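Please open the model in your viewer and keep the selection tool at hand. The stops below tell you what to select next and what you will find there.

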Amino acid sequence: MTLNMKNLSVVCIALMLFCACGTESKKTYLIKDAVLTAEGPLFDGPNTLQTTHRIDLSFIEPGLSPDQITGVKITKATISTDDSVGFDQIRNFVLQLTAADAKMEKIAVLNPVQKGLKTVDLSVSSEGELKDNFTQKEIILILDGDLIGDKEDNLSYKGNFEFEITYKK
Amino acid sequence: MKTIIISCALWLVHMVGSAQADQLLGVWEPSNGKARVKIEKIGEKYYGKIVWLKEPNDPKTGQPKLDKNNPDASLRSVPLKGYRMLKDFKFSGNNQWENGTIYDPENGSTYKCIIKMTDSNTLDIRGYIGVEALGRTDVWKRLKTGK
């Protein structure tokens, strides 16, 4: 009888812990048509294009709070341009993400950039954990474009990004 | 009237603090002379990226050097030229920037780091593991004046 009570207690504690943890869900968070810009004049070598994005967790689920987020990974990063020369002036791209109270994380790279393309998919990091960034009010996306030669004008590209957000219900 | 004076005083303090913090901006050279690092401000934090390498190409391949020692295998094609080796520094007053990290591309390790400006053209860059006492300081010199 004593043993049964002990077993029952263990089962109850395990059940309580399971309920407290809640179930986890995964959803995709999209950043569409973000305009990343660097002000000219720009010089040969890596130049920084950036944009700020306000995090809206209601996009994932209404009422979702930052402390419910348990993990964030990047799953897709696409850069496009309407410029007639495409990306012919760019050797490579490196994408990073940061926020006021979170570390900068390198999240995607494309090296080299193929000539003649107007849309490119970057190779995304399989390890970068972005939870700390997504629990902030806004994030800064930083795209380093390694420019071939100098450029007088501004440089501007469009970015579409997909993140997989894991959260507790 | 009192509110306006207080607001002006706070604005002045903010501007002076911001100017002191931005003294870090510019191009700097580590003591080994192998690279030059440009420190920029993104948001309210400071970052340093490699803008020049004494030996830009890998002697084995003849191609630009890559971050081949990065622990994240998916990022080993990132070129070293343009690499942000100093990250996330915040100005803490007294010519010091803290809470940042420094990356050593020669072994793929990241260390905690504190930057101290000893004069307007000299930085003490201290990288460490765990506690500050267990670290190494390198002296960097400014290459250009201004931002």
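## First stop: a strand pair in chain B

Select B:Leu123 together with B:Trp140, because these two are bridge partners, the latter lying in β8(B); here helices (H or I, at least four residues) and strands (E, at least two) are DSSP runs numbered from the N terminus, and two strands are said to pair if DSSP finds at least two bridges between them. The model is a predicted one, in which local features need pLDDT of at least 70, side-chain atom pairs count only at pLDDT 80 or more, and totals for chains, interfaces and linings use all residues. Residues are numbered from 1 along each chain as its sequence is written, while chains are lettered from A and ligands numbered from 1 in the order in which they are written.

Now widen the selection to residues 135–142 of chain B, which form strand β8, and you will see that β7(B) pairs with this strand in the antiparallel sense over seven bridges. Between β7(B) and β8(B) lies a hairpin with six residues, and B:Gly130 in the turn has a positive phi of about 75 degrees.

## Along strand β7

Which residues of β7 in chain B point to one face and are buried, and which point to the other? Colour residues 122–128, and you will find B:Leu123, B:Ile125 and B:Gly127 on the buried face, whereas B:Thr122, B:Asp124, B:Arg126 and B:Tyr128 point to the other face and are not buried. A residue is called buried if 20 or more other C-beta atoms lie within 10 Å of its own, exposed if 12 or fewer, and partly exposed in between, with the C-beta atoms placed from the backbone. In a regular strand the side chains alternate between the two faces of the sheet.

On the other side, follow the hairpin of two residues that joins β6(B) to β7(B); these strands run antiparallel and are joined by seven bridges, and B:Asp119 stands opposite B:Thr122 in β7(B). One step further back, select residues 96–104 and 109–119 of chain B, which are strands β5 and β6, paired in the antiparallel sense over seven bridges, and look for B:Gln96 opposite B:Lys116 in β6(B).

## The whole of chain B

Show the chain as a cartoon, and the strands just visited take their place in a closed barrel of eight strands, running β1-β2-β3-β4-β5-β6-β7-β8 with antiparallel pairing. Neighbouring strands of this sheet are turned by 35 degrees against each other on average, direction ignored, where the axes are lines fitted to C-alpha atoms, for helices over the stretch in contact, and angles run from 0 to 180 degrees between N-to-C directions. Chain B has one helix besides its eight strands, and 27% of its 147 residues are buried.

If you colour by pLDDT, the predictor's confidence in each residue from 0 to 100, confidence in chain B is lowest in helix α1 (residues 2–21), at a mean of 66, and highest in β7(B), at 98.

## Where the chains meet

Next, select the residues of chain B that touch chain A: 18 residues of chain B are in contact with 22 residues of chain A, two residues being in contact if their C-beta atoms, placed from the backbone, lie within 7 Å. On chain B, β2 (35–42), β3 (45–53) and β4 (84–93) each supply at least two residues of this side. The model scores ipTM 0.80 and pTM 0.83.

## Into chain A

Chain A has two helices and nine strands, and 29% of its 169 residues count as buried. Select A:Ile69, which is in strand β3 (residues 69–80) of chain A and counts as buried because it has 20 C-beta neighbours inside 10 Å. Leaving out residues up to four places away in sequence, A:Ile69 touches A:Lys131, A:Phe134, A:Thr135, A:Ile165 and A:Tyr167.

Further along strand β3 of chain A you reach A:Ala77, which is buried because 26 other C-beta atoms lie within 10 Å. Among the residues that A:Ala77 touches, beyond those up to four places away in sequence, are A:Leu95, A:Leu122 and A:Phe161.

End at A:Leu95, which, neighbours within four places aside, is in contact with A:Ala77, A:Ile107, A:Ala108, A:Leu122, A:Leu141 and A:Leu143. The largest nonpolar core has 59 residues, and A:Phe93, A:Leu95 and A:Leu122 have the most contacts inside it; such a core is a set of buried Ala, Val, Leu, Ile, Met, Phe, Trp, Tyr and Cys residues joined through C-beta atoms within 7 Å.
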